[in-house]
Structure formats: C-alpha cells, structure tokens
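Open the structure in your viewer and keep the selection panel at hand. The tour goes from the whole fold to the ligand.

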Amino acid sequence: MNETTVRKQYNQLAAIYDLRWKDYIANTLSFLKTWVEISPTDTVLDIACGTGEFERLLLTEYSGQQIVGIDISENMLAIAKLKCSAYPQVSFQTASASTLPFDSNSFDVIVSANSFHYFDQPLAALKEMRRVLKPDGKVIILDWCRDYLLCKIFDLALKVFDPAHKQCYTQNEFHSLLKDANFAVCSATKIRFGVVWGLMVATAKLKT
Ligand SMILES: C[S@@+](CC[C@H](N)C(=O)[O-])C[C@H]1O[C@@H](n2cnc3c(N)ncnc32)[C@H](O)[C@@H]1O
C-alpha cells in the first residue's frame, strides 16, 4: 500500500527534512499563512502536517491558536511535537488523511500543504475533511500543480522512480475532485515558485 511506502520514506527523511527543504517550506508555508486568514478563535486541523512548521508559523502570530496536526509518519510528528511542546493547546496524532480520528463537525479551518500528491485515496481524504469540517468552515489545500511543465515532467519521473509518489493534479482535476467531495471552490490561484516550479491553492467550503 502507498501509505506504508510514504511513511517509511518520511520516517527516514524526518531528521533532515527541515534543513533540506528550508527555503521551499519557508516560502510555501508563509504564502499559505497569508492566504488562509485564520482567526484566533478558529480550531485548525493540519492534514499531513509533517514537522509542524505551519503550526510554528501560526503560533508566532497567535500563541493561543487551537491546532491539531495529523500525519502518517511518526518521526515527522516527533519533531512537530518537540517544536510545539510549549503550547498545550496544540496536539499531534498519527493518522491517515483518509480516516481521520475526529468527530464530525469539529474544525473551523482545515489546511493541507505540499502533501495532496501523496494521498492514495484523494477523494476519500476530501470526504473525510468534509465530515470533520464545521458547516461554516473552510478547507485550504496547497499543492504542486501539473499545469506547470516542470511539475508535469516531475510527476511522470516520480511515478517511475519514487514509489511514494502518487499523482500530481492539474487545477481543473483538483477542482473536480473538490466538487465530487461536495465542496464549492470559493477562491483559488496558481503560483509560480522560482522560475519554473508551480503550485496551486484552493479555499473551499461545503456546498449549500
Ligand atoms: C512534503 S511533506 C509536507 C509536510 C508539511 N505539510 C509541510 O508543508 O512542510 C508531506 C507529508 O505528508 C505526509 N503524508 C503523506 N501521505 C499522507 C496521508 N495519506 N495521510 C497523512 N499524512 C500523509 C507525509 O508523511 C509527510 O509528512
């Protein structure tokens, strides 16, 4: 199963992840933080939170933010827990995006960064987000975008050489998945990082 491969890969990578991807993480997550517009009273769920960098960023702005992070890699989570150990209202759990261990209608904001292309069951993951999101909540997903040529080439190469890689989506494919999971896309954009790399972000709410 893909999740076992991804877990193994990130358990091995965890100790050097922050250093190796320092600039990429800083750029993408600071962009995401500006995009999401989280209020201090929001309860936030971060899906595939990795080493907790997004949590660390949010806490620099409001140290009382309620945040839960989930990830399938215990070693990535161990680093996240260490980083946020001074914040008792922040917690981390080992869980898959496609089976979230939370009650329905639990979160105001759900974010997921740089991870959607790993998800084995993207539609199941989106449906789980829909289930645990409060009726007036929002989901924000940032990920690689296959509309960019280099992402398209990487997607093809990674499918051959990286057993953890699942699938990059075009913006249209991504929005179709969101709609299939009964979300309405409220705002979305594509962003160029550096000269050739490209990401997309979408904010979605439950269809009324
Ligand atoms: C590139 S890292 C991104 C971490 C963090 N969101 C960031 O932007 O720095 C991808 C993360 O997704 C996690 N992941 C992959 N598939 C997952 C799944 N199905 N459920 C939960 N986490 C998953 C990996 O373990 C890894 O920590």
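Each stop below gives a selection and what is there.

This is a predicted model, in which local features need pLDDT of at least 70 and side-chain atom pairs count only at pLDDT 80 or more, while totals for chains, interfaces and linings use all residues. Residues are numbered from 1 along each chain as its sequence is written, and side-chain values use heavy atoms, with hydrogens and water left out.

**Whole protein.** Show the cartoon. Seven helices and seven strands appear; these are DSSP runs, H or I of at least four residues for helices and E of at least two for strands, numbered from the N terminus. Trace the chain from the N terminus: the order is α-α-β-α-β-α-β-β-α-β-α-α-β-β. The C-alpha atoms fill a box of roughly 45 × 40 × 35 Å along the principal axes.

**Ligand shell.** Select the residues near the ligand (a heavy atom within 4 Å). There are 20, and Ala48, Asp71, Ala97, Ala113 and Asn114 come nearest. By class, 13 are nonpolar, five polar and two charged. Gly counts as polar here, and Tyr as nonpolar. Now colour helix α1, residues 2-20: this helix gives the most to the shell, with four residues.

**Polar contacts.** Show N or O pairs within 3.5 Å. Start at Asp71: a side-chain N or O atom is 2.6 Å from a ligand oxygen. Move to Tyr17, where the side-chain N or O atom is 2.9 Å from an oxygen of the ligand. Then pick Asn114, with a polar side-chain atom 2.9 Å from a ligand oxygen. Add the surface: the protein covers 96% of the 600 Å² of accessible area that the ligand has on its own (Shrake-Rupley method, 1.4 Å probe).

Key: A polar contact is a pair of N or O atoms within 3.5 Å; within protein, one must be able to donate a hydrogen and the other to accept it, and residues adjacent in sequence count only if both atoms are side-chain atoms.
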